[in-house]
Amino acid sequence: MAETHEGDRLRVAVIVGSTRRGRFGPTVAAWFVARARRRADLEIDLIDLAEVALPGTLTDEDEAPPAPVAALAPRLADADAFVVVTPEYNRSFPAPLKSAIDWFYPEWRAKPVAFVSYGNDSGGLLAAAQLREVFTELHAVVIRDGVALPRYWEQFAADGNWPRAGAPCDTAVKTTLDQLIWWAHALREARAKRPYTI
């Protein structure tokens, strides 16, 4: 494997999209982050929306952003790529995730986004499909492949660890990271040569 230089490392923001009590999102995010951190070329910033506590009501364009929004903005701006961890609620994604997306705009622009979704039989794919439309509107580049976790509660090992050894998601996460990294490098180089404008 080629040597990785500090300047070659990509900053990936992994966003936990559920704020519900008893949520499974942090477990999924911790698993994904652990897998991503095996890659020497990645620097991971885990952003839990339950901890960030963004306001649910958006301000007007000429108002100063609330403190939690101002604090999160540079973390998103510094990211080269995003991974959104989302459950599927009623065939869609959580409202706090939509609010978090809507608080920002240039931070998403011309950067790749991948999804790790979980839910019942669909594995959260219905939520991910809607998120694809939202991020496309924001001029982000949505990665084709993602990680879907249908009936995620069945993936526990006998000792209580999640996921169990040999779970299908282990293969999907490698494919997703490979695609995300390719696009992150390509788009970072493109933004450096010619800033993206709309």
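**Pockets, salt bridges and buried residues**

Mentor: Let's start with the largest pocket, which holds about 180 Å³ of space. The model is predicted, so local features need pLDDT of at least 70 and side-chain atom pairs pLDDT 80 or more, while totals for chains, interfaces and linings use all residues. Residues are numbered from 1 along each chain as its sequence is written, and side-chain values use heavy atoms, leaving out hydrogens and water.

Trainee: What makes a space a pocket or a cavity?

Mentor: Picture a 1 Å grid over the protein atoms alone. A cavity is a set of points where a 1.4 Å probe fits but cannot get out, while a pocket is an open set with protein on both sides within 12 Å along at least five of seven lines. Lining residues have an atom within 4 Å of a point. For volumes, points are joined across faces, edges and corners, and you take the space filled by probe spheres set on them.

Trainee: Which helix gives the most to the lining of the largest pocket?

Mentor: That's α3 (residues 67-78), with three residues. Helices here are DSSP runs of H or I with at least four residues, strands are E runs of at least two, and both are numbered from the N terminus. The pocket lining includes Leu58, Val69 and Trp103.

Trainee: What volume does the largest cavity have, and which element gives the largest share of its lining?

Mentor: Its volume is about 60 Å³, and α4 gives the largest share of the lining, three residues. Leu72, Phe104 and Phe135 are among the lining residues.

Trainee: How do you know whether alanine 167 is buried or exposed?

Mentor: Buried means under 20% relative accessible area, exposed over 50%, and partly exposed in between (1.4 Å probe, protein chains only). Alanine 167 has 2%, so it's buried. You'll find it in the loop between β6 and α6.

Trainee: Why are aspartate 45 and arginine 75 called a salt bridge?

Mentor: The term needs a side-chain nitrogen of Lys or Arg within 4 Å of a carboxyl oxygen of Asp or Glu. This pair's N to O distance is 2.6 Å, so the rule is met. Aspartate 45 is in strand β2 and arginine 75 in helix α3, so the bridge ties together parts 30 residues apart in sequence. With 23% relative accessibility, aspartate 45 is partly exposed. Arginine 75, at 33%, is partly exposed too.

Trainee: What about aspartate 121 and arginine 151: how far apart are the closest N and O atoms?

Mentor: They're 3.3 Å apart, so that's a salt bridge under the 4 Å rule. Aspartate 121 is at 58%, which makes it exposed, whereas arginine 151 is partly exposed at 31%. The structure holds 14 salt bridges.

Trainee: Why does arginine 109 have no salt bridge?

Mentor: Lys and Arg count as positive, Asp and Glu as negative, and His and the chain ends are not counted. The nearest side chain of opposite charge, glutamate 107, is 7.5 Å away, so the 4 Å cut-off isn't met. Arginine 109 is buried all the same. Beyond four places in sequence, arginine 109 touches Leu138, His139, Arg191, Tyr196 and Ile198, contact meaning heavy atoms within 4.5 Å.

Trainee: What makes a group of residues a nonpolar core?

Mentor: They're buried Ala, Val, Leu, Ile, Met, Phe, Trp, Tyr and Cys residues joined through side-chain atoms within 4.5 Å. The largest one has 31 residues, and Phe32 and Leu149 have the most contacts inside it. Apart from that core lies another, of 29 residues, including Leu72 and Phe93.
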